[in-house]
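The report below is meant for someone meeting this structure for the first time. It begins with charged side chains, moves to backbone angles, and ends with the nonpolar core.

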Amino acid sequence: MNWRSSLFLFAQFSLLVVVSGGCGVYSFSGAATSAKSIQVGEFYNNTDLAPANFGQTFTNELKDYFQRNSSLKVVADEGGLVVEGIVSSYTLTQIAPVTGPDQISTAAQSRLTIAVTIDYVDNLEPKNNFKNRSFSFYADFPNTSELTNVREDLERRILDQILIDIFNATVANW
């Protein structure tokens, strides 16, 4: 490698460092925050239909998601970021009505909808704070299936999307 190609590579690398430095704090995981820690408060189940341990399950899933997808350390208190809230809705709705041979309408599918309401505090950038923001998602299943048989899979699909939405609204600033 001659001195010209070495100089050219050095110039390209320097330009990349300067340009990426101007984009603010960003990690390749998508987290755009300079905070080092996050405090996730216990989410309480404020619904009648959800399993009794659903609030704890959601809290643990949210903590795990932040740990897997950012460099933030989950702490018990005094986090640079704070997320807390409630499981505000867990509803089952009949959808896709069909008329049977006896002319009685029934539903061919049911929809499970889960919603959480959160408060978010960014102690480093207070302009990013928000209160009482709702995040929800749903999944449909055929009425030939019992909810108890498909609940775990439905909850997993719904929570996956809600966790992505919360992550994007908080640390990814989307």
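In this predicted model, the side chains of K127 and E125 meet in a salt bridge, with a nitrogen-to-oxygen distance of 3.9 Å. The two partners differ in their surroundings, since K127 counts as exposed at 69% relative accessibility, whereas E125, at 37%, counts as partly exposed. This pair belongs to a wider set, for a search of the whole structure finds 6 salt bridges. As a general matter, side chains of opposite charge can pair when their charged atoms come close.

Helix α3 contains both D153 and R157, which lie 4 residues apart, about one turn of the helix, and which form a salt bridge whose closest N and O atoms are 3.4 Å apart. Helix α3 also holds R156 and D160, again 4 residues apart, or about one turn, and their side chains meet in a salt bridge at 2.6 Å, N to O. R156 and D160 are further linked with E61 in a network of salt bridges. The table sets out the three pairs described here, with the relative accessibility of each partner.

| Salt bridge | N to O distance | Acidic partner | Basic partner |
|---|---|---|---|
| K127 and E125 | 3.9 Å | E125, 37% | K127, 69% |
| D153 and R157 | 3.4 Å | D153, 46% | R157, 40% |
| D160 and R156 | 2.6 Å | D160, 35% | R156, 31% |

Backbone angles are the next topic. E78, placed in the loop between β3 (73–75) and β4, has a phi near 55 degrees, a positive value in a residue other than glycine. N132, which is placed in strand β6, likewise has a positive phi of about 55 degrees although it is not a glycine. E78 is exposed, with a relative accessible area of 75%, and N132 is exposed as well, with a value of 59%; both count as exposed because their relative accessible areas are over 50%.

What remains is the interior. The largest nonpolar core has 37 residues, of which F58 and L62 touch the most other members. Two or more residues of this core come from each of β1 (37–40), α2 (54–69), β4 (81–99), β5 (105–122), β6 (130–142) and α3 (147–170), and the largest share, 10 residues, comes from α3. Leaving aside residues up to four places away in sequence, F58 touches F43, V87, V116, L159, I162, L163 and I166. In soluble globular proteins, nonpolar side chains tend to be buried together.

Terms used: Residues numbered from 1 in each chain as written. Predicted model: local features only at pLDDT ≥ 70, side-chain atom pairs only at ≥ 80, totals over all residues. Heavy atoms only, no water. Core = buried A, V, L, I, M, F, W, Y, C linked by side-chain atoms within 4.5 Å. Buried < 20%, exposed > 50% of the residue type's maximum accessible area, 1.4 Å probe, protein only. Contact = heavy atoms within 4.5 Å. Salt bridge = Lys/Arg side-chain N within 4 Å of Asp/Glu carboxyl O.
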